[in-house]
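Here is a quick tour of how the parts of this structure fit together. Have a look at the picture, then work through the points below.

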Amino acid sequence: MGAAVATRQIQFREALREAMTEEMRRDKRVFLMGEEVAQYQGAYKVSQGMLDEFGEKRVIDVPISENGFAGLGIGAAMMGLRPIIEFMSWSFSLVAADQILNNAPKMLYMSGGQFGCPIVFRGNDGAGGQLGSTHSWAVEGLFANVPGLRIVIPSTPYDAKGLLKTAIRCNDPVFFLESERMLGNKGPVPEEEYLIPFGQADIKRAGGDCTLVSFGRPVHFCLEAAEKLAEEGIECEVIDGRTIRPLDMDTIIESIRKTNYCVVVDQSWPFGSVASEVATQIYERAMDHLDNRVYRVCSDDVPAPYSKTLEQAMLPNPGKIIKAVKQAMYLE
Amino acid sequence: MTMTDPQAVSQPVERVSAKTRLKWLRDMMLIREFELRTMQAYQEAKIGGFCHVYIGQEACAVGCIAATNPDDPVITAYRDHGHALARGMESRYAMAEMFGKIGGCAKGKGGSMHLFDKRTHFYGGHAIVGGQTPLGAGLAFATRYENEVLGEGKKRVTLCFLGDGALNQGALHEAMNLCTILELPCIYVVENNRYSMGTSIERGTSMADDLSTKAAAYGMPYFQADGMDVCAVYNVMKRVVDRMRSEQRPAFVEINTYRYKGHSMSDPQKYRTKDEVSEYEASDPIRRLADALIAAGALNEDGFKELNQSVRDEVRDAIKWAEQSPEPDPAADLYSDVVTEPFGEYGPTSLPEMCDHEPGDVPESP
Ligand SMILES: Cc1ncc(C[n+]2csc(CCOP(=O)(O)OP(=O)(O)O)c2C)c(N)n1
Ligand SMILES: [Mg+2]
């Protein structure tokens, strides 16, 4: 991991804030817009203090009008500004589906290369807080189907900062998926500037027995599972994809060449999911290196329930991952 | 022509009996007690997720719903406990839902923001801001269709509640336009508590000081009521409901109210002053009606205490019932209610236990 020399520990939300702040200092065309981002200091305190530093012309509160302000951001991006549009939750981005799916990722293509759309949409993604089905969307499976956009889904503060800086400098629309469950997580982040390129997976744990591929928060469930499996002598290699589009299949396939087994862990619903795509690409490129089929651990194929018992049963967790690894390795 | 119609609301409404007003008082007190105990249960981690209480706004739900017929559809946003109770859902089913238990009104699948009760024509709490407003148009469409196409022979109106924050969502504006051109009897009731989270209405909404303009844009009559006075809310709403029932077209009502507590359970409330909150608390709708009933000789302090005790007992029972209700069973309940006709791994659907009983007719608590 690139963060080996860092000693400073900061929260995920601070890492996001630093990325935005540094990029806003660097480039006056970058601005932040969203519900409660300015005066309230961020519904989840990600933008705390940014109004003070940049003023209300660059840190802009807007009312609950996702379709309106997402589209506004896209229009501004067509003019060459570099908006960061915060969705309090990606669940609310569905109100703006036409803008973010029809306009942002297709503008360049439809205009024959004339109008790009350098915009970042960011906010909380995924279930786990007992918010019920309207508020518990994991949008990665849904949106990964759309050509023309980038999907970034970091699991650590270090990755979050480096990837968000890259996202803000990217000339195409970026969907940046955070998790409310992780905003308070701390991790090492160096003082010096760094950027993390898109399409480079990170091996969060090395191992030779089974490859675990995941994205975002479930990476931590994989690490927990790997820890437990190691006690039984099974060494998993945990690959954090970090970006879904582009998808770093090379790193995944290299690992499978070594382990010959693979489990993909993904918090989207299984049908046509990110995990399905990863599995398919593995079959297309590395069938000969597999000693078993690829196993998937996804959320259950039901709307997210409110009850804690049901919600926990629905989401990927270390227990399910351990089971899948053992099945994949013919141990169960 | 201005669509504002002060004439219609200044006419005297038929006298409301003391008995009815005592019922309103108890309904409001029940909601208040329910919400206080909800906050407590949330702090004790018996309730999870997002939870928004209705304290301060009780007169809105109670006064509005009192003006409807029991089979008029009602739909609202996520701050929905008060509406569910005012509509007649027993507190135990609402509480059990928030406890995530199988006895909840949605078997623990919906939670605080998504309460539903088919028996009382309560079409739900809806947690995407503005999301319920086209549904309101659809409910109104269906009542009109049932009446005119299916020959039900009954005119109904729909109450669609929304917060001031939803005024800024496109969905509302599309829905209002549809209601007017299709002549749908949907009454949009804006509970203007001045804030959407930390955004005051002045910061978030154009023409905030004159919301009649929103109604005028869609050719709807506009009405306004003091939401800190349940009788005032009823007086206005009774007129509106009766008129829209007969005319079968939409209306827009602004009710001026205030939420005493934070937006949700985690809100430092830096956007408003303590003085502002106390000012509204001083015109508390419960105290106001109790005082009026006492002044009219319809209630005394002892009677008030008895009412207090009775709502406490009811909510205590609701909590006990919620605690004793079983957890949903993932094996049986995770894959049920996804579809009506089982296929693949999906199990059957069924009504919650609540629907075994008529509203108001619940078995004794254990
Ligand atoms: C589409 C959407 N955007 C944002 C949110 C987050 N959110 C929940 S409630 C709320 C404020 C709504 O205020 P208002 O409509 O005035 O209702 P009140 O809370 O005052 O009852 C916000 C921003 C949401 N639930 N849905
Ligand atoms: Mg409000």
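How far apart do the C-alpha centres of domain 1 of chain B and domain 2 of chain B lie? They lie 26 Å apart. Keep in mind that this is a predicted model. We'll go through the domains of chain B, then those of chain A, then the place where the chains touch, and finally the ligand.

**Chain B and its two domains**

- The domain assignment splits chain B into domain 1, covering 6-328, and domain 2, covering 330-366.
- Where these two meet, 19 residues of domain 1 of chain B are in contact with 20 residues of domain 2 of chain B.
- The size of an interface is often given as the accessible area lost when the parts come together.
- For the two domains of chain B, that comes to about 1600 Å², with 56% of it on carbon and sulfur atoms.
- There are 2 salt bridges between domain 1 and domain 2 of chain B. You can look up the one between the side chains of K109(B) and D337(B), with N to O at 2.8 Å.
- The rule also finds 8 residue pairs in polar contact across this interface of chain B.
- On the domain 1 side, helix 5 (91-98) and helix 13 (301-324) of chain B are the elements that give two or more residues to the surface touching domain 2. Helix 13 of chain B has the largest share there, with 3 residues.
- Sorted by class, that side of domain 1 of chain B has 7 nonpolar, 5 polar and 7 charged residues.

**Chain A and its two domains**

- Chain A is divided too, into domain 1 (9-188) and domain 2 (202-328).
- Taken over C-alpha atoms, the centres of domain 1 and domain 2 of chain A are 26 Å apart.
- In chain A, 32 residues of domain 1 are in contact with 27 residues of domain 2.
- The two domains of chain A bury about 2200 Å² between them, and carbon and sulfur atoms give 58% of that.
- Three residues to find on your screen are Q130(A), I153(A) and S155(A): together they supply 27% of the area that domain 1 of chain A buries against domain 2, more than any other three residues.
- Side chains of opposite charge can pair when their charged atoms come close.
- The rule finds 2 salt bridges across this interface of chain A. R242(A) forms a salt bridge with D159(A), and their closest N and O atoms are 3.0 Å apart.
- Add to that 15 residue pairs in polar contact between domain 1 and domain 2 of chain A.
- Helix 6 (140-143), strand 6 (150-152) and helix 7 (157-169) of chain A are the elements that give two or more residues to the side of domain 1 that touches domain 2. Strand 6 of chain A gives the most, with 3 residues.
- By class, that side of domain 1 of chain A has 14 nonpolar, 13 polar and 5 charged residues.

**A salt bridge inside one helix**

- R26(A) also has a partner, forming a salt bridge with E23(A), the closest N and O atoms being 3.0 Å apart.
- R26(A) and E23(A) both belong to helix 1 (residues 12-26) of chain A, where they are 3 residues apart, about one turn of the helix.
- Over all chains, the count comes to 51 salt bridges.

**Where chain B touches chain A**

- Here 40 residues of chain B are in contact with 33 residues of chain A.
- The chains bury about 2800 Å² between them, 62% of it on carbon and sulfur atoms.
- How many salt bridges are there between chain B and chain A? The count is 1, and R203(B) forms a salt bridge with D61(A), with the closest N and O atoms 3.0 Å apart.
- Between chain B and chain A, 15 residue pairs are in polar contact.
- Helix 5, helix 8 (201-204) and helix 14 (330-333) of chain B are the elements that give two or more residues to the side touching chain A.
- The residues on this side of chain B divide into 17 nonpolar, 15 polar and 8 charged.

**Ligand 1 and its surroundings**

- Ligand 1 is surrounded by 22 residues, and the closest are E66(A), Y78(B), R79(B), G165(B) and N193(B).
- Why is the site shared between chains? Residues from both chains A and B surround ligand 1, so the site is shared.
- A backbone N or O atom of V129(B) lies 3.0 Å from a nitrogen atom of ligand 1.
- A backbone N or O atom of A166(B) is 3.4 Å from an oxygen atom of ligand 1.
- With H263(B), an N or O atom in the side chain lies 3.5 Å from an oxygen atom of ligand 1.

Note on methods. Residues are numbered from 1 along each chain as its sequence is written. Chains are lettered from A and ligands numbered from 1 in the order in which they are written. This is a predicted model: local features need pLDDT of at least 70, side-chain atom pairs count only at pLDDT 80 or more; totals for chains, interfaces and linings use all residues. Side-chain values use heavy atoms; hydrogens and water are left out. Domain bounds come from an automatic or database domain assignment. Contact means heavy atoms within 4.5 Å. Buried area is the accessible area (1.4 Å probe) that two parts lose on being put together, summed over both. A salt bridge is a side-chain nitrogen of Lys or Arg within 4 Å of a carboxyl oxygen of Asp or Glu. A polar contact is a pair of N or O atoms within 3.5 Å; within protein, one must be able to donate a hydrogen and the other to accept it, and residues adjacent in sequence count only if both atoms are side-chain atoms. Helices (H or I, at least four residues) and strands (E, at least two) are DSSP runs, numbered from the N terminus. Ala, Val, Leu, Ile, Met, Phe, Trp, Tyr, Cys and Pro count as nonpolar, Asp, Glu, Lys and Arg as charged, and the others, Gly among them, as polar. A residue is near a molecule or strand if one of its heavy atoms lies within 4 Å of it.
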